Every structure is written in structure tokens, then in C-alpha cells.
Amino acid sequence: MSNDVVHFAIHADDCERARTFYQSVFGWSFQPWGPPDFWLIRTSENGIRGALQKRRGPGGPGAGGYECTIAVADIKASVAAIEAAQGQLMHPPFHIDRVGTVAQFRDTEGNLASVMQYEPGVLS
């Protein structure tokens with residue numbers, strides 16, 4: 001049995017703001033589900049499934065989060081979209097030999113994540 005990540009959750013103080021950010025930057029779709037301030041996320045038809053939910057418990061932005069990397073086709077366009085959607089670039093794009101180019105950002109809720117434009121053949 002493989003040990004693939006099959007679900008992720010984004011914790012947000014303002015779920016509508018976070019939903020708008022991820023829809024505009026990555027084109028993800030959201031479906032209300034269950035309790036208030038909870039949505040199911042579809043990253044793509046065959047992509048990993050996730051949830052957007054109201055941040056619970058103590059802590060501030062980024063507390064209790066799980067850092068993830070999102071594969072993108074164009075790192076420059078993705079960084080521009082992140083900044084246009086009020087995300088904050090934490091580390092500008094840099095190249096990792098034999099892997100690709102990565103940039104780190106904080107979303108509108110303070111969660112830390114990365115975007116990666118992989119070199120051809122790395123994910124296959």
C-alpha cells in the first residue's frame with residue numbers, strides 16, 4: 001500500500017476571503033458541505049481533495065497548518081496571480097537542479113505554501 005497524501009485542509013479566519021484567493025489563483029472549485037464555514041475543495045478532476053474550514057483553537061495565522069506545494073505550469077504567472085489576489089511572496093522563485101523552480105508564499109489567511117514548476121518528467 002502506498003502512503004500518498006489523499007486529503008488536505010486549509011484553515012482560515014475568513015473563509016470567504018480564502019475561498020476567493022484559491023479560486024482566483026489556482027482555479028479550484030469549492031462546494032459547501034456540512035457545518036457553516038466548511039467547503040470541500042476539488043483541485044482538478046483527478047487531483048487531491050481537500051477542505052476549507054474555519055480556523056479552530058488558539059494560535060494565529062499559519063498555526064496548526066500543513067505546508068503543501070502546488071504544481072503549476074508557469075511559475076511567473078502563478079506568482080503574479082498570488083500577489084494580485086493579496087497573497088504575500090515569502091521567497092521569490094528559485095531553481096532546484098533536477099526538480100524545478102519553486103516559490104514560497106503566504107495566503108490571505110497567513111498559511112505558508114509553495115508553488116512549483118517541475119522540470120519535464122519529474123512527476124511521471
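Is Cys68 buried, partly exposed or exposed? Select Cys68 in this predicted model and show the surface. Cys68 has a relative accessible area of 25%, so it counts as partly exposed: buried would need under 20%, and exposed over 50%.

Now select Cys15. Its relative accessibility is 3%, so Cys15 is buried. How many disulfides does the structure hold? The number is zero.

**The whole chain**

Zoom out and colour by secondary structure. You will find two helices and eight strands. Following the sequence, they come in the order β-α-β-β-β-β-α-β-β-β. The chain has 124 residues, and 35% of them count as buried. With the surface switched on, you are looking at about 7600 Å² of accessible area, and carbon and sulfur atoms make up 53% of it. Take the contacts between residues at least 6 apart in sequence: 49% of these join residues at least 24 apart.

**Helix H2**

Select residues 75–84, which form helix H2. Show the side chains of Ile75, Ser78, Val79 and Ile82, the buried residues of this helix. Why do they lie on the same side of H2? They cover an arc of only 100 degrees around the axis, and that puts them on the same side. An α-helix has 3.6 residues a turn, so residues three or four places apart point the same way.

Next, add helix H1 (15–26), strands E6 and E7, and strand E8 (112–118) to the selection. These are the elements that the buried residues of H2 pack against. Then turn the view to the face of H2 that points away from its buried side. There you will see Lys76 and Ala84, which are exposed.

Look at both ends of the helix as well. At the start of H2, select Asp74: one of its side-chain oxygens comes to within 3.1 Å of the backbone nitrogen of Lys76. After H2 comes Gln86, with a positive phi near 75 degrees.

**The E6–E7 hairpin**

Select residues 88–96 for strand E6 and residues 100–106 for strand E7. The two strands run antiparallel and are joined by six bridges. To see one of the pairings, pick His91, whose bridge partner in E7 is Gln104. The strands form a hairpin, with three residues between them. In the turn, click on Arg98, which has a positive phi of about 65 degrees.

**Thr43**

Move to Thr43, in the loop between strand E3 (38–42) and strand E4 (49–54). Which residues does Thr43 contact, leaving aside its neighbours within four places in sequence? They are Phe8, Trp28 and Ile48. Draw a distance from the C-alpha of Thr43 to that of Trp28: these residues are 15 apart in sequence, and the distance in space is 4.8 Å. For Ile48, look at the backbone oxygen, which the side chain of Thr43 reaches at 3.1 Å.

**Gln53**

The last stop is Gln53, in strand E4. Is Gln53 buried or exposed? Its relative accessibility is 10%, so Gln53 counts as buried. Show what is around it, again leaving aside neighbours within four places in sequence. Gln53 is in contact with Ala9, Ile10, His11 and Ala12, and also with Asp37 and Phe38. Cys15, the buried cysteine from the start of the tour, is in contact with Gln53 too.

Terms used. Residues are numbered from 1 along each chain as its sequence is written. This is a predicted model: local features need pLDDT of at least 70, side-chain atom pairs count only at pLDDT 80 or more; totals for chains, interfaces and linings use all residues. Side-chain values use heavy atoms; hydrogens and water are left out. Helices (H or I, at least four residues) and strands (E, at least two) are DSSP runs, numbered from the N terminus. Contact means heavy atoms within 4.5 Å. A polar contact is a pair of N or O atoms within 3.5 Å; within protein, one must be able to donate a hydrogen and the other to accept it, and residues adjacent in sequence count only if both atoms are side-chain atoms. A disulfide is a pair of cysteine sulfur atoms within 2.5 Å. Buried means under 20% relative accessible area, exposed over 50%, partly exposed in between (1.4 Å probe, protein chains only). Two strands pair if DSSP finds at least two bridges between them. Accessible areas come from the Shrake-Rupley method with a 1.4 Å probe; for residues, only the protein chains shown count as cover. The arc is that of the directions from the helix axis to the C-beta atoms.
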